[in-house]
Amino acid sequence: MKDMTHSADAATVEEALAADNHQGVVDSEGATALAMQNTLLTPRFYTTDFDEMDRIDVSSVREDWDKLIAQMKSDPNKGHFKKNEDWDHVDWDGMEPKLKREFIDFLVSSCTAEFSGCVLYKEMKRRGNNEDIVTLFQLMARDEARHAGFINDALREAGIAVNLGFLTQKKKYTYFRPKFIYYATYLSEKIGYARYITIYRHLEANPELRFHPIFKWFREWCNDEFSHGEAFALLMKTDPKLTQSFANKLWIKFFLTAVYSTMYVRDHQRPAFHAALGVDPDWYAHEVFTKTSEISRQVFPITLDIDHPRWQKGLEALQRANVDLADAKQTGKVFKRMGATVRAAAAFIGLFTIPAVKHQVPVSTRLEPAY
Ligand SMILES: [Fe+2]
Ligand SMILES: [Fe+2]
């Protein structure tokens with residue numbers, strides 16, 4: 001066996017990606033094919049105008065910036081993302097087939113999402129010349145490579161893994177202008193934090209429901225995502241137009257609606273997984289939205305009115321339309337498919353047009369994980 005570092009111990013993204021984590025299985029067609037999918041509901045890979053991002057000047061947020069970078073450089077989670085004595089044996093063969101299918105789907109989709117961050121951040125680091133930007137993106141790429149590597153460790157026990165090298169080369173990249181990258185990535189980091197910490201706290205209170213050891217790693221994990229979100233909050237803070245102009249407020253509302261509703265629909269596709277965790281997906285969604293909204297007030301001047309009577313109804317309508325759409329695609333029913341598409345669009349517009357909650361953004365952006 002080659003003597004390589006584990007991705008958890010790697011100091012850079014390059015090292016983390018080179019680590020094979022001392023495992024035999026390096027690929028499985030099914031998992032990689034799943035990760036290759038590009039639908040509205042599956043994690044995508046992004047590319048952007050790296051030169052524009054390289055021109056960001058962080059001097060207006062210098063003090064907070066330097067603190068954050070110093071904290072990330074100190075690397076509190078080095079070595080965390082690998083199996084240790086807390087890792088329990090997982091009875092993959094004995095797992096109820098529906099749960100196994102949904103859980104694998106959850107792991108593959110999480111691994112793809114983590115890796116999506118890794119490839120975007122790594123590319124920014126590679127293309128940039130701005131010392132501040134390059135340093136930040138190198139640190140974030142390092143974290144995401146470890147996260148993806150760790151999920152792959154868990155998947156390998158089930159005899160599968162996502163081929164990350166193949167994905168880098170073959171998965172389609174979606175172009176987003178830098179400002180859309182800020183909104184989308186900021187939100188996905190913060191909602192990622194809220195998702196991980198909510199599950200972690202729930203299983204801390206109900207340890208008998210923890211059917212897989214990976215959930216024990218979620219607290220440190222979500223702190224990484226929290227820091228990444230902080231970095232994007234500071235980046236947005238360098239240019240007030242990004243969050244204050246009328247058009248950009250609409251974009252922020254659009255991204256909030258899209259990110260929240262995608263999460264709702266995606267989670268409702270995994271009923272057995274949530275049942276095994278003892279988590280009601282409607283409760284979970286509301287909990288995660290509440291936390292994410294509370295956090296995103298640090299930089300966004302609006303939050304969605306998730307307690308509005310039309311909110312929950314709209315999400316349910318979107319979810320039903322999505323189920324019918326998937327069904328129509330499988331059975332090839334053209335009219336049903338068109339009908340479901342129209343209903344999904346109408347439900348999304350209904351959610352988007354709920355009046356947002358406006359508020360004052362604090363002068364200082366920085367937050368610490370509080371949940
Ligand atoms: Fe991550
Ligand atoms: Fe992250």
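# Helices and contacts in a predicted model

Colleague: Let's start with one residue. In which helix is Phe232 found?

Modeller: Happy to begin there, and do keep in mind that this is a predicted model. Residues 218-237 make up helix α9. Phe232 is found in helix α9.

Colleague: Is Phe232 buried or exposed?

Modeller: The count to look at is that of other C-beta atoms within 10 Å, which is 22 for Phe232. The cut-off for a buried residue is 20 or more. Phe232, with its 22, is therefore buried.

Colleague: Which residues does Phe232 touch, not counting residues up to four places away in sequence?

Modeller: Lys190 is 42 residues from Phe232 along the chain, and their C-alpha atoms are separated by 9.9 Å. The residues that Phe232 touches, once those up to four places away in sequence are left out, are Tyr182, Thr185, Tyr186 and Glu189.

Colleague: How are α8 and α9 oriented relative to each other, roughly parallel or roughly antiparallel?

Modeller: Helix α8 spans residues 178-205, and its axis comes within 8 Å of that of α9. The two axes cross at roughly 155°, and α8 passes α9 in a left-handed crossing. Angles over 145 degrees count as roughly antiparallel. That is why α8 and α9 are roughly antiparallel.

Colleague: How do the residues of the contact of α8 with α9 divide into nonpolar, polar and charged?

Modeller: On the α8 side the contact includes Tyr182, Tyr186, Tyr193, Tyr196 and Tyr200, along with Glu189 and Lys190. On the α9 side, Phe218, Trp221, Phe226, Phe232 and Leu235 are among the residues met, as are Arg219 and Glu225. The residues of this contact divide into 15 nonpolar, 4 polar and 4 charged.

Colleague: Moving on to α2 and α5, are they oblique or roughly perpendicular to each other?

Modeller: Helix α2 covers residues 29-36 and helix α5 covers residues 97-127. Their axes come within 9 Å and cross at roughly 55°, and the crossing is right-handed. Roughly perpendicular would need 65 to 115 degrees, and roughly parallel would need an angle under 35. The angle of roughly 55° therefore makes α2 and α5 oblique.

Colleague: How many charged residues are in the contact of α2 with α5?

Modeller: From α2 the contact draws on Ala31, Leu34 and Ala35, and from α5 on Val108, Cys111 and Thr112. These residues divide into 5 nonpolar and 1 polar, and the number of charged ones is none.

Colleague: And how do the residues of the contact of α11 with α14 divide?

Modeller: Helix α11 (residues 246-267) and helix α14 (residues 309-331) have axes that come within 9 Å and cross at roughly 55°, and α11 and α14 are therefore oblique. α11 passes α14 in a right-handed crossing. Ser261, Tyr264 and Val265 of α11 make the contact with Leu315, Leu318, Gln319 and Asn322 of α14. The residues divide into 4 nonpolar, 3 polar and no charged.

Colleague: What is the C-alpha separation of Tyr173 and Phe45?

Modeller: Tyr173 has its place in strand β2, residues 173-175. With its neighbours within four places in sequence left aside, Tyr173 is in contact with Phe45, Tyr46 and Thr47. Tyr173 and Phe45 are 128 residues apart along the chain, and their C-alpha atoms are separated by 4.9 Å.

Colleague: Which residue has a positive phi of about 55° although it is not a glycine?

Modeller: Most residues other than glycine have a negative phi. The residue with the positive value lies in the loop between α4 (62-74) and α5. With 13 other C-beta atoms within 10 Å, it is partly exposed. Its name is Asp75.

Colleague: With which residues is Ser296 in contact, leaving aside its neighbours within four places in sequence?

Modeller: Ser296 is in helix α13, residues 281-296. There are 22 other C-beta atoms within 10 Å of Ser296, which means that it is buried. Leaving aside its neighbours within four places in sequence, Ser296 is in contact with Lys190 and Thr303.

Colleague: Lastly, how much of the span of residues 105-235 is helix?

Modeller: An unreviewed UniProt entry annotates residues 105-235 as "domain: Rubrerythrin diiron-binding". The end C-alpha atoms of that span lie 33 Å apart, and 2% of the span is strand. Its helix share is 78%.

Terms used. Residues numbered from 1 in each chain as written. Chains lettered and ligands numbered in written order. Predicted model: local features only at pLDDT ≥ 70, side-chain atom pairs only at ≥ 80, totals over all residues. Axes fitted to C-alpha atoms, helices over the stretch in contact; angles between N-to-C directions. Helix = DSSP H or I, 4+ residues; strand = E, 2+ residues; numbered from the N terminus. Left-handed = near helix turned anticlockwise from the far one by under 90°. Contact = placed C-beta atoms within 7 Å. Nonpolar A, V, L, I, M, F, W, Y, C, P; charged D, E, K, R; others polar. UniProt positions renumbered as here; feature names shortened; annotations may be inferred. Buried ≥ 20, exposed ≤ 12 C-beta atoms within 10 Å, placed from the backbone.
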